[in-house]
Amino acid sequence: MKKIISLLLLFSNVLFAQYKNDNDLSTLLPYEITNENFDSEITSSFSYLFTKNNELNLKEVLKFKNKFTKDYSSFKSKKKIDYPTTAFFIGKIQNKTSNTLKAVFNTSNSQKVAVFIISETDTIKKTIGYVQESDSTYSKEKSNSFCITFLPNQTKTIVLKQKNYSDYDLIFKFNIMSTAIYDSYLLGSYRKFQLNRMFLGILSGGILLLFLFNLVLFFNTKTKYYLYYTFYLFFVFILIILMIDRNQNFFSGRIMLYFELIKEIAYTLSIVTYGLFAKSLLEISNTRLTKFVKVFTTITSIYLLYLIVIFFKNDLNFDEAAYLIIKIFKFLTFGFLLIFIMQLYKNKSNKYLKYVFIGSVILFSSYLLQTFFENFQTILFSKHISKQIVRTNLSILLGTIIEILFFSYALHLKSYKATIDKKVLENLNELKSRFFANISHEFRTPLTLIKSPVQSLKSKTNDENQLKELALIDNNSNRMLELVDQLLELSKLDSGNLKLILKDGNIANFLHTIIEPFQFQASENNLNFVSNIEKSSQNYSFDKDIIQKIATNLLSNAFKYTLENETITFEASIENQELKLKITNSGTEIKKEDLPQLFERFYQKKDVSQGVGIGLSLVQELVDLYEGKIITNIENNVLSFTVFIPLNNVSNAILIPLTKNIETISNEINSENDLPILLIVDDNQDIRNVIATIFQENYTIIQAQDGEEAYKLAQKEIPDCIVSDVVMPKMDGFEFTKAIKNNELTSFIPIVLLTAKSSDEYKLEGLQSTADAFLTKPFNNEILEATVNQLIAERKKLQKRYSQELVLRPVDLVINSVDEKFIEKLQVVLDKNLSNSEFTSENFSTAVGMSRMQLHRKLKSLLGVTATEFLRNERLKTASELLKKGNGNISDVAYAVGFNDVSYFSKCFKEMYQCTPSEMINK
């Protein structure tokens with residue numbers, strides 16, 4: 001029994017001793033500080049432990065002291081670590097002096113290291129690395145440093161914990177030094193790197209300026225190679241900034257947490273943008289090269305996504321597999337660079353490409369050299385200069401500087417060449433425009449000589465076969481005239497002489513005037529024409545001429561290629577400040593593969609005898625001028641053209657602002673208004689509104705929706721001019737014109753007829769109906785306005801002539817027999833009542849057979865005077881004749897012509913003839 005008890009006591013003592021040793025830190029040999037100025041590497045004084053268990057706390061780690069391996073400085077000769085792993089380091093430091101010492105403990109750079117400082121009284125925890133708190137002492141100078149204070153003869157245990165994913169992250173060195181020596185070390189470091197900092201600062205600043213300069217050039221020129229070069233400079237700038245900070249701790253540690261990821265992204269994207277830059281400068285249509293760039297870009301996207309995922313998954317670190325992939329991808333980028341260098345070599349005869357080639361070779365060589373130093377640094381590490389080359393990426397920096405100089409000079413040459421080419425092109429465009437203008441005018445003369453005899457022959461023959469042949473000649477002559485006009489438009493576009501002129505107006509109303517002729521054409525050609533124009537009361541600024549050409553060319557193309565009984569649709573709407581036009585035609589024979597060629601000039605399918613001419617090409621050019629877009633599509637044999645035209649923010653446009661707001665037009669005439677009256681007649685309200693907006697500033701507008709209503713209104717208001725449609729209900733334009741011209745009240749009123757019927761026969765019929773002018777829809781606003789103004793001006797010439805005539809001469813004052821009879825009628829009435837002083841304008845209108853207002857408007861429009869002024873003028877003209885002949889004295893003459901007040905007679909006479917009756921007698 002005694003033996004058993006003795007054995008149990010012995011076993012318990014052993015267990016107690018074991019437990020005591022596990023928690024006794026005194027067995028660790030401390031590093032001893034023996035003086036106040038100390039600076040030592042103490043890596044060998046630290047023991048280390050690698051474990052997969054990242055959850056171990058400080059107490060648990062201390063229990064496994066016996067599992068630690070001593071002398072961490074000898075770790076490099078050990079076997080490879082199985083990553084990911086957590087590393088623990090433990091060591092003791094003892095102050096052997098009798099003074100209180102302040103020391104700085106630091107390690108090699110790392111992302112994050114947890115530090116436990118254990119003394120007899122407490123345990124302090126710190127975090128060092130790039131994630132350390134910004135207010136920690138020396139955190140701005142050295143990321144992996146912290147201060148530690150030792151009392152006299154005090155010993156402290158340092159425990160460090162670090163999670164690692166690769167050899168690149170593992171801390172490998174520990175140092176301790178006095179604060180005085182550390183301050184001196186920092187000062188020496190700043191002085192040592194001052195020149196490097198200045199050099200790299202100037203370099204990065206220069207690249208930043210180049211980046212901004214090329215960015216401005218891109219926005220000015222919209223050239224791709226400036227865009228790619230701008231991005232390339234940006235990523236190179238990021239790389240240089242990172243290199244500066246990695247070695248000199250310029251930025252805060254938080255940014256450096258992402259150093260590895262940002263470096264790889266910037267490097268990779270700089271290579272990609274270099275390739276895009278080189279490709280844009282090559283200007284070759286190499287499909288294999290294009291596919292290669294697309295494939296490489298796709299691989300790059302996957303590669304960068306992989307790096308981002310791994311980096312954030314591994315607590316802002318790359319693992320061994322990621323570093324292996326980075327190395328493999330770096331060799332891929334070398335291959336990518338080589339392919340473009342070879343392409344540049346093939347085209348080095350081009351001067352600016354030669355400099356891009358030289359710069360690319362230098363860049364490629366610098367990357368190869370840097371890779372060599374990085375992979376063989378273990379051989380060259382002992383050499384100080386090799387160490388500096390590796391740490392500062394010196395070869396890449398020098399190569400980048402030289403390469404950017406060559407690239408920038410190459411772009412200068414390219415820009416200079418582009419300027420010269422632009423001037424040459426402008427001269428060629430000017431010559432081409434002049435050629436087209438001259439040849440177009442030359443074409444018009446023989447075409448006129450062809451059309452004129454053809455029209456004469458058509459009027460003289462009744463043979464149907466001959467008429468068909470003559471009609472064929474006439475139609476093709478008209479087609480040639482259209483082509484000539486389109487050539488002129490294209491030449492203006494090519495030369496840049498065609499500018500947008502924006503005027504305020506209602507687009508919906510304007511579009512109605514454009515499609516009306518096509519509605520008539522559809523009925524004649526047995527086509528179904530459907531229009532859907534979204535109504536809008538809002539006005540927009542737009543170029544009427546350009547939009548008219550776009551719409552009419554697309555509609556003409558649809559009518560040209562659509563068979564009988566098929567459907568053509570025209571849709572218009574305004575969406576998001578854009579005018580959307582959609583023209584479709586069914587039964588098309590065009591295939592989807594033909595769509596890209598439709599806008600080529602004179603494109604013609606092999607199996608079709610008729611080509612597209614230049615109409616669609618003109619449409620494309622006009623849409624581009626308007627900074628819009630056009631989309632073509634074929635679905636179920638329905639061809640559609642959809643045009644989007646911006647209604648605001650249009651550059652290269654001239655805006656003509658309105659000087660007067662649009663007012664509601666009424667048929668009530670203000671008798672005090674001296675503006676000429678314009679009567680607009682059309683059964684389409686939108687077209688009436690469009691015409692009204694053209695004339696509203698200078699005319700009083702009245703409207704009618706058919707010929708019958710217009711005829712009654714014309715007799716009531718006696719307008720100065722009439723603009724009328726031809727095809728209307730109740731009374732068409734031809735009947736209306738004849739009725740107006742044959743009515744004594746309205747015969748003098750000039751009439752402009754508008755019609756969708758564009759043939760010469762209809763024009764002839766309109767003029768035969770005694771219309772004063774005949775215009776075809778869609779009409780040109782300026783031409784319509786000029787026509788009306790010209791007719792009013794002709795009428796004013798007749799009015800001026802009347803004021804100069806001594807007696808009424810109908811032949812000189814009127815332009816038709818009805819007005820001639822009216823003047824003769826006035827003369828008869830005057831002969832009977834001129835001497836009657838009681839004969840007023842009311843009596844005058846009754847004698848003539850009109851109302852006072854009708855006579856007033858008739859005389860005002862025909863002769864430019866009111867009825868009262870007409871009576872007075874005729875009396876004074878007769879008085880002048882009598883005075884010149886000496887027939888009686890002044891008072892006798894005054895009473896003879898109907899004046900009962902001699903002084904009033906003398907006043908009126910002087911106002912008209914600028915002399916008194918006495919002076920007239922003495923002349």
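Select Phe570 first: it stands opposite Ile583 in strand 15. Keep in mind throughout that this model is predicted.

**Stop 1: the hairpin and its neighbour**

Widen the selection to strand 14, residues 567–575, and strand 15, residues 578–586. The two run antiparallel, and eight bridges join them. Now go to the turn. Strand 14 and strand 15 form a hairpin with two residues between them. Click Asn576 there: its phi is positive, about 55°.

Next, add strand 17, residues 638–646. Strand 15 is joined to strand 17 by nine bridges, and the pairing is again antiparallel. To see one position in this pairing, pick Thr584, which stands opposite Ser640 in strand 17.

**Stop 2: the four-stranded sheet**

Move to strands 2, 10, 5 and 8. They make an open sheet in the order 2-10-5-8, with antiparallel pairing. Which strands lie at the edges? Strand 2 (39–41) and strand 8 (145–150), each of which pairs on one side only. Look along the sheet for the twist, which averages 20° from one strand to the next.

Now select strand 5 (residues 101–107) and strand 10 (residues 174–178). Five bridges join this antiparallel pair. Phe105 has Ile176 as its bridge partner in strand 10.

**Stop 3: aromatic pairs**

Show the aromatic side chains. The structure holds 39 aromatic pairs. Stay with Phe105 and add Phe146: the two form a tilted pair, 5.1 Å centre to centre, with 35° between the planes. Phe105 lies in strand 5 and Phe146 in strand 8, so their pair ties together parts 41 residues apart in sequence. Is Phe105 buried or exposed? At 1% relative accessibility, Phe105 counts as buried. Phe146 counts as buried too, at 2%.

Then jump to Phe292 and Phe336. This aromatic pair is stacked: 5.7 Å centre to centre, 25° between the planes. Phe292 lies in helix 7 (residues 287–313) and Phe336 in helix 8 (residues 320–346), so the pair ties together parts that are 44 residues apart in sequence. Colour the two by accessibility. Phe292 counts as partly exposed, at 27% relative accessibility, whereas Phe336 is buried, at 1%.

Both rings belong to one aromatic cluster. To display the cluster, select Tyr229, Tyr232, Tyr274, Phe277, Phe292, Phe296, Tyr303, Phe329, Phe336, Phe340 and Phe407.

**Stop 4: a nonpolar patch**

Turn on the surface. Select Tyr416, Ile420, Val424, Leu425, Leu428 and Leu431, which make a nonpolar surface patch of about 580 Å². Which helix holds Tyr416? Helix 12, residues 394–460. Tyr416 counts as exposed because its relative accessibility is 54%, and the cut-off for exposed is over 50%.

**Stop 5: a loop residue**

Finish at Asn66. Where is Asn66 found? In the loop between helix 2 (58–63) and strand 4 (85–95). At 54% relative accessibility, Asn66 counts as exposed. Draw a distance from Asn66 to Leu49: C-alpha to C-alpha, they are 10.0 Å apart in space, with their positions 17 residues apart in sequence numbering.

Note on methods. Residues are numbered from 1 along each chain as its sequence is written. This is a predicted model: local features need pLDDT of at least 70, side-chain atom pairs count only at pLDDT 80 or more; totals for chains, interfaces and linings use all residues. Side-chain values use heavy atoms; hydrogens and water are left out. Two strands pair if DSSP finds at least two bridges between them. Axes are lines fitted to C-alpha atoms, for helices over the stretch in contact, and angles run from 0 to 180 degrees between N-to-C directions. Patches are made of residues with over 30% relative accessible area and no salt bridge: like charges are joined within 9 Å, nonpolar side chains (Val, Leu, Ile, Met, Phe, Trp, Tyr) within 5 Å. Accessible areas come from the Shrake-Rupley method with a 1.4 Å probe; for residues, only the protein chains shown count as cover. A salt bridge is a side-chain nitrogen of Lys or Arg within 4 Å of a carboxyl oxygen of Asp or Glu. Buried means under 20% relative accessible area, exposed over 50%, partly exposed in between (1.4 Å probe, protein chains only). Rings of Phe, Tyr and Trp (its six-membered ring) pair if their centres lie within 6.5 Å; planes under 30 degrees apart count as stacked, over 60 as edge-to-face and the rest as tilted.
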